[in-house]
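Me: I have a model open and want to go through the contacts and the core. Can you take me through it?

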Amino acid sequence: MTDLGRIATEIMAYFRALDEGATLRHYFRHADDEGGLWYVEAVPDRGELIVIKQAELTSAGRLHRYSWEHLEDEHGGLTDQAIDPELDPLDPVPAEEFQRVWNR
């Protein structure tokens, strides 16, 4: 396995472990400048909130989803940055709202 392949496998395993082991989940939405909506599901890990699922609903109505099962594609990818709801422009949303978009 190449170094890049090993790194990708480790990243996937990290996000999968967070997703499968989470007991507390947080949900947020962010409106971008182009009229799209970003939804994230985040879990605490070592004092930070880590995004484990991310859904972008574009202004044209297209949905792009990212998680440990699909880290990236030609449209974007799962953020690798922790989020801070007090500093980042995020609005809390109910889990049901996130799930409705995610399962669309």
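**Salt bridges first**

Reply: This is a predicted model. R29 and E97 form a salt bridge in it, with the closest N and O atoms 2.5 Å apart.

Me: Where do R29 and E97 sit?

Reply: R29 is in strand 1 and E97 is in helix 2 (residues 95–102), so the bridge ties together parts that are 68 residues apart in sequence.

Me: Is E97 buried or exposed?

Reply: E97 counts as buried, at 15% relative accessibility. R29 is partly exposed, with a relative accessible area of 24%. The cut-off for buried is under 20%, so E97 falls inside it.

Me: How many salt bridges does the structure hold?

Reply: Six. Among the residues involved, D19, R25 and E41 are linked in a network.

Me: What are the distances for R25?

Reply: R25 meets D19 at 3.0 Å, N to O. With E41, the closest N and O atoms of R25 are 2.3 Å apart. That second pair links distant parts of the chain: E41 is in strand 2, and R25 is in the loop between helix 1 and strand 1 (26–31), 16 residues apart.

Me: And the burial of those three?

Reply: E41 is buried, with a relative accessible area of 1%. D19 also counts as buried, at 12% relative accessibility. R25 is partly exposed, with a relative accessible area of 28%.

Me: Sticking with E41, what is its bridge partner in strand 3?

Reply: K53 is the partner of E41 there. Strand 2 and strand 3 pair in the antiparallel sense, over nine bridges.

Me: What happens at the turn between strand 2 and strand 3?

Reply: The two strands form a hairpin with two residues between them, and R46 takes a positive phi near 50°.

Me: How many bridges join strand 1 to strand 2?

Reply: Six, and these strands run antiparallel. One of the pairings puts H26 opposite A42 in strand 2. Strand 1 and strand 2 also form a hairpin, this one with five residues between the strands. In that turn G35 has a positive phi of about 90°.

Me: Which way do side chains point in a strand, generally?

Reply: In a regular strand they alternate between the two faces of the sheet.

Me: Changing topic. Which residues touch the most other members of the largest nonpolar core?

Reply: F15, F28 and I83, out of 15 residues in that core. Helix 1, strand 2 (37–45) and strand 3 (48–57) each supply at least two residues of the core. Strand 3 gives the largest share, four residues.

Me: Is there a second core?

Reply: There is a separate one of seven residues, including A55, V93, V101 and W102.

Me: Back to F15. Where is it found?

Reply: F15 is in helix 1 (residues 3–21). F15 is buried, with a relative accessible area of 7%.

Me: What is F15 in contact with?

Reply: Leaving aside neighbours within four places in sequence, F15 is in contact with I50, V51, I52, W68, L71, L78 and T79.

Me: How far apart are F15 and W68?

Reply: Their C-alpha atoms are 5.3 Å apart in space, while the two residues are 53 apart in sequence.

Me: Now the surface. Which residues form a nonpolar patch?

Reply: L4, I7 and I11 form one, with about 280 Å² of accessible area together. I7 is in helix 1, and I7 is partly exposed, with a relative accessible area of 38%. Helix 1 is also where the buried F15 is found.

Me: Last one, E86. Buried or exposed?

Reply: E86 is exposed, with a relative accessible area of 76%. The cut-off for exposed is over 50%, so E86 qualifies. E86 lies in the loop between strand 6 (76–77) and strand 7 (91–92).

Me: How far is E86 from Q99?

Reply: Their C-alpha atoms are separated by 23 Å, and the two residues are 13 apart along the chain.

Terms used. Residues numbered from 1 in each chain as written. Predicted model: local features only at pLDDT ≥ 70, side-chain atom pairs only at ≥ 80, totals over all residues. Heavy atoms only, no water. Buried < 20%, exposed > 50% of the residue type's maximum accessible area, 1.4 Å probe, protein only. Contact = heavy atoms within 4.5 Å. Patch = residues over 30% accessible without salt bridge, like charges linked within 9 Å, V, L, I, M, F, W, Y side chains within 5 Å. Areas by Shrake-Rupley, 256 points an atom, 1.4 Å probe, with all protein chains shown as cover. Salt bridge = Lys/Arg side-chain N within 4 Å of Asp/Glu carboxyl O. Core = buried A, V, L, I, M, F, W, Y, C linked by side-chain atoms within 4.5 Å. Pairing = 2+ DSSP bridges.
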